[in-house]
Each structure stands twice: as C-alpha cells, then as structure tokens.
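Subject: The structure I promised you

Hi there,

Here's the structure I said I'd pass on. Have a look at it first, and then read my notes below.

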Amino acid sequence: MILDIFQYGFALRAIEAGIIVAIIAPLIGIFLVLRRYSLIADTLAHVSLAGVAVGALIGFNPVITALLATVVSSLGIERLRTSKKVYGESALSLFLSGSLALAVVLLSIAKGLNANLLNYLFGSIVTVTTNDIFIISALAAVVIVTLLLFYKELIYITFDEEAARVSGIPVRSINAILMVLSAFTVSISIPIVGVLLIAALIVIPVVAALQLRQSFAKTILCAEAISLFSVLAGIVVSFYFDLATGGTIVLIMLIIFGGVSVWKK
Amino acid sequence: MIEVKDISFSYGPDEILSNISLHIEKGDYLGIVGPNGSGKTTLLKIMLGLLRPASGLVALFGKDVSNFKEWPKIGYVPQKVTNFDANFPVTVKEVVMMGRYARRGLFHETTVQDERLVRQVLEQVEMWEHRDRLIGDLSGGQQQRVFIARALATEPEIIFLDEPTTGIDQKTQNGFYSLLRKLNRELHLTLVLISHDIDMIAREAKHVACINRTLVCYGLPAEFLKYNSATDIFSGGVKIIAHKHDH
C-alpha cells in the first residue's frame, strides 16, 4: 500500500514539485519573518492570482503570468514602502485588495474558466504537469543561487539594517532582490498549496523553527526539516485519505508549530 | 581624519542642528554630549551618511561622505540595547562575523582568516567563551561588548558609538569605559562617543563637544566642565546658547 503512491505519474510529479517548494519557501521565509514582512508573502500570493487570471484569459501558462505580476508588484510595494508616502502595511493592503479585485473581474470575463479557480485558490498538486516541474525547478535554482550569493548581506541587513548600511552594503538593492525572490517563491508555490495558503508555507516552518532558539544557520536547517516533512507528509496523507493537499500540508505545519511551542515552554 | 563643516539639519520647519563644525584627528577620543533632544544622534547619523544635511559638508578620510567608499575603515556601534529584537536567532559569533562581511565584499565567502579574526576580537572584549550563545540571551553589557567586537572585526580606524551605555548598570559601565580606553590608548583607535553621561565623558574623553542644536562648547574636558558649571545647560534643559568656543 505504501508503494502505491509511486505508481502514479501525477503523484510523483506532485512529490517533486512539493520537495522543491518545501526547500525554497523557508529560505525566503526566514528573512521575511525576521524583518516583519510576513504579510508580503500573503500580498504577493493575492497578486499572483491576478497574474493567474491574466494567464487564463490570454491562454498562457499561468505560472509565468503570475511570476510577472508578482515581480512587478513586489518592486512596486518596495518602492511605495521606501517612499514613505503610505505606511508599509497600507501599501500591502493596496496591492492585496487591488489585485484580488482585478483577479475577480478578469475571471468573470473568462467565465468558462471559473471551474479552475478553486485549483488556483487552494492548490491542485495532482494537476502539476511536467512542464510545470521544469519551470518550478528553473525558478527554484535562481532563488537558491541568488540567496547563496547575497546570504551574508541579507543576514546583516535583517539583523541590523542601519549598521549594514554604514558598513557599505547596498541595502536598497538587496532589499529589492529579496522582494523579487519572494515573488519567485510565491509563484512557484501556487500549484502546491494554492494562492490562499502560500504565506503559510513561507511563514509557519520558520516561526516554528524560531521557537527552538538556535543560531541563524541552525534555525534555517530546522525550518527546512519542518517544511520538507510537512509537505511530504501532507502529500502522502492527502493521497491516501483523499483530502485537499494544500490544506493538509498547512495543518501538519501548524501541528508541528503547536508541538514545538508547547515543548519549548 | 573627519571634518565636519557648518552642518545644519531640519525636520520640516524644525531646525535640529545649525552650524556645527568638528575636526577629529587620528587617535582622538571625542565625546559628544548634550541634553535629550539636542540633536546628538542626528549629528552622528549625518557624519555616517545615514542622513543628508540641509547644508554644510562632512568629509571622511578626506572624501566627501556622499562619495565615500571605504566604509570598512569605520566601525559603528548603534544604540542597540534599547531597540533590540531579543528573539533574533543569531549567536555571538554570527553577529561578530557580520563585521567581516563589509571587508569581504559582495560575492566573497568568509574564510578561516575571518574566523581567526572573529576569535581575536571576541577575546579582546572578553566574550569568546560566550561565542555560541544567542545574542538575546546576554545581558545588556555583554551585548554591548559583542557590538564593539563586531565593529572591531571590520578592522576600523575609527569607531562611532551611539549612547552605548544606555540601560547598563554602573559597574558594567566602568568595565566598558576601560575597554574603550584600552582601544584608544593601546590600539590607537579613534573613538567618537555620544553620551549623556557628562561626568564619565569628562573623565574619559580627550575632547568634548557639547551640542544643543548648535555647538555650544568644544574643547578639552576641563574647558567643558568649566563651561558646564558656569552655564549649567544640562539641568536647565533647553537653554540655547549662541556662544561658540573656538578650538
């Protein structure tokens, strides 16, 4: 029975996509969470829905259109935030509700596609295509390589932005890079957990790992372990019990978070 | 080494600083004092290029601050104890290693030499044994030593410290000032220290600049004490005096 899951091509692709996203999400998440940017993940997720709607309307791969929408918006949010014309969280609200409105309108134009809407909202890991896997892997590689290149600067800025600036680190550019990487991560997570649950994937494993109070490097490793376990367990459990995969993954993450919190009390 | 000329700065219509000039030589130990709201921290941020003055200029090592590129020559110890995320998952060693990042530059990994230097500076501030503890688990005085170590790790020629002893008990403060004295006298590091602790500054620093939106007194500690007892600007609060001391 255990081996059954591996006999289905869609399940294998689901596991591949799941592993990739499980690795990427906490890597971005640790920087977003520690900088109090958790809501950016949620905002970009809603923006990605507008991107998906555009893709559905023009008949283009929705992961790609979602990627374009999130990248452009992430830079817009960062710009609006640093200009200080609006408060940081207001900038997020503007983008979150604005893009959701756009998505709803676009999807109402493309009436026939409404059936797919649930897939995008809550994830539909079983419909991941080989082509999707290719796109997801390529984007994930970009995220990992870029993070490795700017890892030390990102830590410094996250811990102490002012001192980082005094030490000559180009803080603005690196903030913008982090935003773009967040957009990448959100876009590739859509098929796994859906637009509404992406933020959970990025935030919960990190928040759980933070309860363990370890060094920065160890915190990342713990978040990775929690993320990978939750995603794989979520796929397997939802497969055998015929549950919604995205929701199952997020619930497992929450259970781990609860367990860690109680244990560390 | 550092030249500050006729700096003025305003937040909207409020003039925070006007016509401030300072001259910091190599090996100097300058204490910048002033009552709350006198603009000390603003002045420091202007000197570090974090804020742009309305007028006047700042030159670091002979270069205008807006074109200055050799930031590793400058160490900075921010006012951390009060606005510090105690849950940040970072160890003492990881914090001090950040000081090496500027020296390494973009796209360069830290090396064994960096590790060695981190150990050396942590031993200097007597915090090596705490290297694997989380920064949030340390006492305020210990955290401050770690931030000094981070500044030292960039191998700077000058260190700026912003109210480093806020929230630290007297005994720890004494140890902290003797560490600064050692850095200044033995390693010949130039220090610029912001503080509201005028007695300590008068005792420790080589020069004192007293700021109250403008430069009210600038010279040797003895001159400052004489000036202070005559005008008593600290107990008076916002008494603004136009007199400028020629240095």
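Let's start with a small puzzle: which residue just after H1(B) takes a positive phi? It's B:Gly49, with a phi of about 75°. Before you go further, keep in mind that this is a predicted model.

While you're at that spot, look at the helix itself. H1 of chain B covers residues 40–47 and is mostly covered, with six of its eight residues buried. Those six are B:Lys40, B:Thr42, B:Leu43, B:Leu44, B:Ile46 and B:Met47.

Chain B also has a sheet that's worth tracing with your finger. It's an open one with six strands, in the order S6-S7-S8-S3-S9-S10, and the pairing is mixed. At the edges you'll find S6 (74–77) and S10 (215–219), each of which pairs on one side only. From one strand to the next, the twist averages 15°. For a close-up, try S7 (residues 158–162) and S8 (residues 190–195) of chain B: they run parallel and are joined by five bridges. In that pair, B:Phe160 sits opposite B:Val192 of S8(B). There's a helix packed on the sheet too: H7 of chain B (residues 221–231) touches S9 (207–211) and S10, and its direction makes about 145° with that of S10(B).

Now over to chain A. Its secondary structure comes to 11 helices and zero strands. How does its radius of gyration compare with that of a compact globule? A compact globule of 265 residues would come out near 18 Å, and chain A has 18 Å, so the two agree. Along its principal axes, the C-alpha trace spans about 55 × 45 × 30 Å. Of the 265 residues in chain A, 51% count as buried. If you take the contacts in chain A with a separation of 6 or more, 74% of them come from residues 24 or more positions apart.

A nice residue to zoom in on is A:Ser38, in helix H2 (residues 38–58) of chain A. Is A:Ser38 buried, exposed or partly exposed? It has 17 other C-beta atoms within 10 Å; that falls between the 12 or fewer of an exposed residue and the 20 or more of a buried one, so it's partly exposed. Leaving out residues up to four places away in sequence, A:Ser38 touches A:Leu32, A:Val33, A:Ala199 and A:Val203. A:Val203 is 165 residues away from A:Ser38 along the chain, yet their C-alpha atoms are separated by 6.5 Å.

Next, the core. In soluble globular proteins, nonpolar side chains tend to be buried together. Here the largest nonpolar core has 167 residues, and the ones touching the most other members are A:Val21, A:Ala41, A:Ile198, B:Val96 and B:Ala149. Helix H1 of chain A (residues 9–34) gives the most to this core, with 14 residues. Beyond its neighbours within four places in sequence, A:Ala41 has several contacts, including A:Leu32, A:Ile198, A:Ala199 and A:Val203.

Last stop: where the chains meet. There, 21 residues of chain A are in contact with 20 residues of chain B. On the chain A side, the elements that give two or more residues are H6 (130–159), H7 (161–166) and H10 (216–241). H6(A) gives the most, with six residues. By type, that side of chain A divides into 10 nonpolar, five polar and six charged residues.

Happy exploring!

Methods:
Residues are numbered from 1 along each chain as its sequence is written. Chains are lettered from A and ligands numbered from 1 in the order in which they are written. This is a predicted model: local features need pLDDT of at least 70, side-chain atom pairs count only at pLDDT 80 or more; totals for chains, interfaces and linings use all residues. Helices (H or I, at least four residues) and strands (E, at least two) are DSSP runs, numbered from the N terminus. Two residues are in contact if their C-beta atoms, placed from the backbone, lie within 7 Å. The radius of gyration is taken over C-alpha atoms; the globule rule is 2.2 Å times the number of residues to the power 0.38. A nonpolar core is a set of buried Ala, Val, Leu, Ile, Met, Phe, Trp, Tyr and Cys residues joined through C-beta atoms within 7 Å. Ala, Val, Leu, Ile, Met, Phe, Trp, Tyr, Cys and Pro count as nonpolar, Asp, Glu, Lys and Arg as charged, and the others, Gly among them, as polar. Two strands pair if DSSP finds at least two bridges between them. Axes are lines fitted to C-alpha atoms, for helices over the stretch in contact, and angles run from 0 to 180 degrees between N-to-C directions.
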